[in-house]
Amino acid sequence: MERNNFYPIFLKAKNLNILIVGGGYVAEEKLTFLLKSSPDANVTMVSPMYRSGTINIANTGNVKRIEDSYKNSYLKDHHVVIATTDIPEVNIKIYEDCRLQSKLVNVADNPPYCDFYMGGIVTKGNVKVAISTNGKSPTTAKRLRQFFEDVIPENIDDLVKNLNIYRKTIKGDFEQKVEKLNEFTKGLVEKI
């Protein structure tokens with residue numbers, strides 16, 4: 001049986017410089033989900049043209065738009081790169097340039113040229129759930145996202161904040177604190 005071996009992490013996008021190469025529909029989609037999850041993300045976009053919808057979304061965040069074709073020099077000072085052009089050779093060139101400079105790269109809709117995938121995300125206050133289908137079915141990730149949005153209660157953030165307050169009152173070393181929190185929260189799943 002095949003297994004998803006990705007290691008999920010949550011990036012502080014406001015501390016990173018993200019580059020999106022492209023200005024069309026796919027760029028718009030990637031930017032939309034990035035800003036929905038991380039409205040404080042630092043993003044630069046490079047494209048010779050931008051859809052009006054892409055411009056509108058870019059104007060809602062900390063997004064710098066450059067009207068130009070891709071050049072290797074645009075990778076400078078960027079940590080994460082998302083290639084969304086409709087020219088496969090350009091996307092592969094971006095991937096190769098990123099590999100040479102140790103940059104994380106995602107070439108949209110081309111799994112062999114991705115260091116990471118942008119999966120489905122559910123956010124309710126301080127709770128965030130990320131969903132990956134190993135790049136096999138973005139539609140399944142979308143449906144699972146919709147399912148979790150319905151299943152996770154709206155007041156989950158209140159629970160998280162109260163548990164954080166309780167956590168600060170627990171005495172003992174780290175192991176004892178974890179044990180007490182585990183005991184205190186073991187019924188959480190049944191209550192949701």
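1. Read from the start of the sequence, the protein runs β-α-β-α-β-β-α-β-β-β-α-α-α-α. That pattern comprises seven helices and seven strands. The model is a predicted one, and the points below should be read as values computed from it.

2. On overall dimensions, the C-alpha trace spans about 55 × 40 × 35 Å along its principal axes. The chain holds 192 residues, of which 33% are buried. The protein exposes about 12600 Å², with carbon and sulfur atoms supplying 54% of that area.

3. On contact order, consider the contacts between residues at least 6 apart in sequence: 54% of them join residues at least 24 apart.

4. On charge, the protein carries 27 positive and 23 negative charges. The mean position of the positive set lies 4 Å from the mean position of the negative set.

5. How many disulfides does a search of the whole structure find? The count is zero. For Cys-98, the closest cysteine sulfur is in Cys-114, and the distance between the two sulfur atoms is 11 Å, so a bond is ruled out. Seen from Cys-114, the closest cysteine sulfur is that of Cys-98, again at 11 Å and too far for a bond. The cut-off that matters here is 2.5 Å between cysteine sulfur atoms.

6. Are Cys-98 and Cys-114 buried or exposed? Cys-98 is buried, because its relative accessible area is 0%. Cys-114 is also classed as buried, at a relative accessible area of 15%; the class requires a value under 20%. A colleague setting up the system should therefore treat the two residues as buried cysteines that are not joined by a disulfide, their sulfur atoms being 11 Å apart.

7. Arg-65 is worth a separate entry. Arg-65 sits in strand S3, which covers residues 62-67. Its relative accessible area is 32%, so Arg-65 is partly exposed. That class lies between the buried limit of 20% and the exposed limit of 50%.

8. Which residues does Arg-65 touch, leaving out those up to four places away in sequence? The contacts are Met-45, Tyr-50, Ile-55, Ala-58 and Asn-59. For one of these partners, Met-45, a backbone distance is also available: the C-alpha atoms of Arg-65 and Met-45 are 4.8 Å apart, while the two residues are 20 apart in sequence.

How values were computed
Residues numbered from 1 in each chain as written. Predicted model: local features only at pLDDT ≥ 70, side-chain atom pairs only at ≥ 80, totals over all residues. Heavy atoms only, no water. Buried < 20%, exposed > 50% of the residue type's maximum accessible area, 1.4 Å probe, protein only. Helix = DSSP H or I, 4+ residues; strand = E, 2+ residues; numbered from the N terminus. Contact = heavy atoms within 4.5 Å. Areas by Shrake-Rupley, 256 points an atom, 1.4 Å probe, with all protein chains shown as cover. Lys, Arg positive; Asp, Glu negative; His and termini not counted. Charge placed at Lys NZ, Arg CZ, Asp CG, Glu CD.
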